Amino acid sequence: MSDVPDLSSDEEHFEDDEWQEMESQNTTVGCLFCSETLPSIDEAVNHCEIVHGFKLGELKSKFNMDCYSYIKLINYINLTKAKPLDIMLSTQPLWDDEKYLKPVENHEWLMFDFESLVEKPTSPKSYHANVENGVVTLSQAHFLELQRTIQSLTEQLKESQTHLEMAREDMNKMKSSIQTIVQSGTTSSNSEPVVVDCVSKLPIEHDAGYFSSYAHFGIHYEMLSDKRQLVLLQYMPLTNRM
Ligand SMILES: [Zn+2]
């Protein structure tokens, strides 16, 4: 048994009126960006998202934030009076500095359950853009949404390019190994056994790389669409059996 007191059992004895007492003790929560006060922390978080486009859930997943980064973020906003738009569009966690890790001034923000916050799925929103004399006017939220979309698409594109590059490398590796196998099969069949670098010589652990190279979806597509590859693959077990 551990010496740690069992907190869960205490919770059971917590009466409803005790909860209510705690609730009523809660002061209002001031907005991080304007002078408005909200009746609860959840409403304050909601207000910051709707009015100021400040999305905690998005920041949390974007920068992989924990509760320490959350405290730093709140202090950073308090101290630097950072604009919500600048924070949302930032490519780096500007608040990631030990000097921001200190008791939060507006301590109500610490009541927020940041750990269990999940990013809300982005629902398709409809924005109204005003077009007049060839000039398009957007709301700030709309502009932010567009910036966000561009950023996320750029990241997705970068990621798929990396995957394509990996698939290409895997393909080249496979091509050269198949070539080696086929060639070694033809040379060793009509002479004394020659020590060749073929698959049968490799320890089983080496197969991990081989199988993981198949994990890329692109490989399957490329393999199936390349008839020569298919023919070589059909021959592979035969040449390997020598
Ligand atoms: Zn506000």
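Q: Which residues does UniProt list for "coiled-coil region", and how far apart do the end C-alpha atoms of that span lie?
A: The unreviewed UniProt entry lists residues 143-177 under "coiled-coil region". In this model, which is a predicted one, the span is 100% helix and 0% strand. The C-alpha atoms at the two ends of residues 143-177 are separated by 51 Å.

Q: What pattern of helices and strands does the chain follow along the sequence?
A: The chain has 242 residues, of which 28% are buried. Its secondary structure amounts to 10 helices and 4 strands. Taken in sequence order, these elements give the pattern α-α-β-β-α-α-α-α-β-β-α-α-α-α.

Q: Among contacts between residues at least 6 apart in sequence, what percentage join residues at least 24 apart?
A: One example of a link between distant parts of the chain is the pair Cys 34 and His 52, which are 18 residues apart, although a separation of at least 24 is what is asked for here. Taking the contacts in the chain between residues at least 6 apart, the share that joins residues at least 24 apart is 62%.

Q: Which arrangement do the 4 donor atoms around the zinc ion make?
A: The protein donors are the SG atoms of Cys 31 and Cys 34 together with the NE2 atoms of His 47 and His 52, and they lie 2.0 to 2.3 Å from the zinc ion. Four donors count as tetrahedral if all angles lie between 85 and 135 degrees. Because the 4 donor atoms subtend angles of 101 to 118° around the zinc ion, the arrangement is tetrahedral.

Q: How are the donor residues of the zinc ion spaced in sequence?
A: The donor residues are Cys 31, Cys 34, His 47 and His 52. Written as a spacing in sequence, these donor residues of the zinc ion give C-x2-C-x12-H-x4-H.

Q: Where is Cys 34 placed, where is His 52 placed, and how many residues apart are they?
A: Both Cys 34 and His 52 are protein donors of the zinc ion. Cys 34 belongs to the loop between strand 1 (29-30) and strand 2 (37-38), whereas His 52 belongs to helix 3 (residues 41-52), so that the pair links distant parts of the chain. Along the sequence, Cys 34 and His 52 are 18 residues apart.

Q: Is His 52 buried or exposed?
A: The cut-off for a buried residue is a relative accessible area under 20%. Cys 34, with a relative accessible area of 31%, is partly exposed. His 52 has a relative accessible area of 16%, and therefore counts as buried.

Q: With which residues is His 47 in contact, leaving aside its neighbours within four places in sequence?
A: His 47 is placed in helix 3, and with a relative accessible area of 7% it is buried. Once its neighbours within four places in sequence are left aside, His 47 is in contact with Cys 31, Cys 34, Glu 36, Leu 38 and His 52.

Q: Why do the buried residues of helix 3 line one face of the helix?
A: In helix 3, the buried residues are Ile 41, Ala 44, Val 45, His 47, Cys 48 and His 52. The face turned away from that buried side carries the exposed residues Asp 42 and Ile 50. Seen down the axis of helix 3, the buried residues line one face because they fall within an arc of 155°.

Q: What covers the buried residues of helix 3?
A: Helix 3 has 12 residues and reaches 16 Å from its first C-alpha to its last. What covers its buried residues includes strand 1, strand 2, helix 4 (56-62) and helix 6 (84-89).

Q: What separates the C-alpha atoms of Ala 44 and Glu 108?
A: Ala 44, in helix 3, counts as buried at 0% relative accessibility. Glu 108 lies in the loop between helix 6 and strand 3, and at 12% relative accessibility it also counts as buried. Although the two residues are 64 apart along the chain, their C-alpha atoms are separated by 9.9 Å.

Q: Which residue that is not a glycine has a positive phi of about 50°?
A: The residue in question is placed in the loop between strand 3 (130-132) and strand 4 (135-137). At 77% relative accessibility, it counts as exposed. The residue with this positive phi is Asn 133.

Conventions: Residues are numbered from 1 along each chain as its sequence is written. This is a predicted model: local features need pLDDT of at least 70, side-chain atom pairs count only at pLDDT 80 or more; totals for chains, interfaces and linings use all residues. Side-chain values use heavy atoms; hydrogens and water are left out. Donors are N, O and S atoms within 2.8 Å of the metal (3.2 Å for Na, K and Ca); water is not among the atoms, so sites may look incomplete. Four donors count as tetrahedral if all angles lie between 85 and 135 degrees; four count as square planar and six as octahedral if opposite donors are over 155 degrees apart and all others between 65 and 115; anything else is irregular. Buried means under 20% relative accessible area, exposed over 50%, partly exposed in between (1.4 Å probe, protein chains only). UniProt positions are given in the numbering used here, feature names are shortened, and annotations may be inferred rather than shown by experiment. Contact means heavy atoms within 4.5 Å. The expected span of a helix is 1.5 Å times one less than its number of residues. The arc is that of the directions from the helix axis to the C-beta atoms.
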